[in-house]
Amino acid sequence: MSETQRETQSDIQGNAGIRAGTRAATETETGAGAGTGSEIETGTGTPRAAERRRVVHVAVYDTYADWETGHTTAHLTQRGYEVRTVGFAADRPVTTMGGIRIQPDLALTDLRPEDSALLILTGASLWDTGDELAPFAAKAEEYLAAGVPVAAICGATAGLARAGVLDGRAHTSAAPFYLGGQPGYAGAAHYVEADAVTDGDLITAGPTEPVAFAREVFARLGVYQPEVLDAWYRLFHDSDASAYPVLMAASESGDA
């Protein structure tokens with residue numbers, strides 16, 4: 001990427017970040033962006049529905065593959081979402097695969113689908129060494145039963161496979177044989193050879209596709225208009241310079 005391209009990309013992200021902050025403040029005041037007026041006027045002192053539904057929860061645990069969700073969380077934040085981390089305990093820091101320590105915002109037992117727009121399950125070595133992370137897969141089942149989206153990448157797909165979540169839904173992962181080796185998995189007929197797959201409220205992706213994973217999340221949440229999302233993907237996945245004019249125009253109009 002040339003120096004001019006890097007500067008242009010920085011402009012896009014900087015302008016988006018400024019607008020996202022303004023948009024988030026406006027939506028908090030007006031309730032725009034989620035829910036209806038009746039949901040917002042609770043009069044109870046609890047978080048309003050519009051505010052709750054602009055929150056995305058990211059599961060964090062030891063050995064979490066921190067690079068897999070970077071595009072997703074960074075751009076959701078720029079578009080006015082609040083990203084909150086969920087661990088086994090809010091007072092127990094976790095260490096990512098990259099050696100980064102994260103203090104979870106809340107405990108898994110306190111997480112409710114109705115307070116969330118999306119649950120992201122990240123990859124981690126622990127998904128492949130036992131069932132320690134099974135409670136996170138169970139929470140994903142709870143989300144899906146409540147009609148709230150779940151996005152799982154890399155090893156998290158194995159956890160969902162063992163929990164039976166993938167048995168009746170189109171999905172992908174690292175490779176068919178990876179899921180085929182998971183005890184209890186009966187979803188082979190629904191496996192799709194693709195970079196990322198969305199089936200209703202469930203998004204799945206393999207470990208080499210963090211950008212495609214983000215694309216599916218953005219599409220499911222309606223974060224960008226289709227032509228802007230296409231340009232975003234071409235820029236961050238393909239380094240396609242022709243995406244810049246589309247993104248710059250969208251940035252100027254507040255759509256990126």
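Among contacts in the protein chain between residues at least 6 apart in sequence, what percentage join residues at least 24 apart? In this predicted model, the share of such contacts that join residues at least 24 apart is 62%. The protein chain holds 10 helices and nine strands, and of its 256 residues 49% are buried.

Seven strands form an open sheet with mixed pairing, in the order β5-β2-β1-β6-β7-β9-β8. The edges are occupied by β5 (106-107) and β8 (196-199), each of which has a single partner strand, so that one side of each is left without a neighbour in the sheet. Helix α8 (residues 210-221) packs on this sheet, where it touches β1, β6 (118-121), β7 (150-153), β8 and β9 (202-205), and the direction of α8 makes about 25° with that of β8.

Strands of a sheet pair through backbone hydrogen bonds, in either a parallel or an antiparallel sense. Strand β1 (residues 55-59) and strand β2 (residues 82-87) run parallel and are joined by five bridges; within this pairing, V55 has E82 of β2 as its bridge partner, and V58 stands opposite T85 in β2. Strand β1 is mostly covered, five of its five residues being buried. In a regular strand the side chains alternate between the two faces of the sheet. In β1 both faces are covered, with V55, H57 and A59 buried on one side and V56 and V58 buried on the other.

Towards the β8 edge of the strand order, two pairings involve β9. Strands β7 and β9 pair in the parallel sense over four bridges, with I153 opposite A205 in β9, whereas β8 and β9 pair in the antiparallel sense over four bridges, with A196 likewise standing opposite A205. Residue A205 of β9 thus faces I153 and also A196. From β9, L202 and T204 point one way and I203 and A205 the other, and all are buried. The hairpin of β8 and β9 has two residues between the strands, and G200 in this hairpin takes a positive phi near 65°.

Helix packing was then considered. Two packed helices are described by the angle between their axes and by the distance between the axes. Helix α4 (residues 70-78) packs with α8 at an angle of about 35°, the axes of the two helices being 8 Å apart. In this contact, H71, T72, H75 and L76 of α4 meet P210, V211, F213, A214, V217, F218 and L221 of α8; by class, the contact of α4 with α8 comprises eight nonpolar, three polar and no charged residues. Helix α8 accordingly has contacts with α4 as well as with strands of the sheet.

A further helix pair is formed by α9 (residues 226-238) and α10 (residues 243-252), whose axes come within 9 Å and cross at roughly 130°. This angle makes α9 oblique to α10, and α9 passes α10 in a left-handed crossing. The contact is made by E227, V228, A231, W232, R234 and L235 of α9 together with A243, Y244, V246, L247 and A250 of α10. The residues of the contact of α9 with α10 divide into nine nonpolar, no polar and two charged.

Several loop residues complete the description. Most residues other than glycine have a negative phi, and most peptide bonds are trans. Residue T63, in the loop between β1 and α4, has a positive phi near 70° and, at 23% relative accessibility, counts as partly exposed. Residue C154, placed in the loop between β7 and α6 (155-162), also has a positive phi, near 60°, but at 18% relative accessibility C154 counts as buried.

Residue Y191 lies in the loop between α7 (176-180) and β8 and, with a relative accessibility of 14%, counts as buried. When its neighbours within four places in sequence are left aside, Y191 is in contact with H171, T172, S173, A174, A175, P176, L179 and Y185. Of these contact residues, L179 is 12 residues from Y191 along the chain, and the C-alpha atoms of Y191 and L179 are separated by 9.1 Å.

Notes: Residues are numbered from 1 along each chain as its sequence is written. This is a predicted model: local features need pLDDT of at least 70, side-chain atom pairs count only at pLDDT 80 or more; totals for chains, interfaces and linings use all residues. Side-chain values use heavy atoms; hydrogens and water are left out. Two strands pair if DSSP finds at least two bridges between them. Contact means heavy atoms within 4.5 Å. Axes are lines fitted to C-alpha atoms, for helices over the stretch in contact, and angles run from 0 to 180 degrees between N-to-C directions. Angles under 35 degrees count as roughly parallel, over 145 as roughly antiparallel, 65 to 115 as roughly perpendicular and the rest as oblique. A crossing is left-handed if the near helix is turned anticlockwise from the far one by less than a right angle, and right-handed if clockwise. Ala, Val, Leu, Ile, Met, Phe, Trp, Tyr, Cys and Pro count as nonpolar, Asp, Glu, Lys and Arg as charged, and the others, Gly among them, as polar. Buried means under 20% relative accessible area, exposed over 50%, partly exposed in between (1.4 Å probe, protein chains only).
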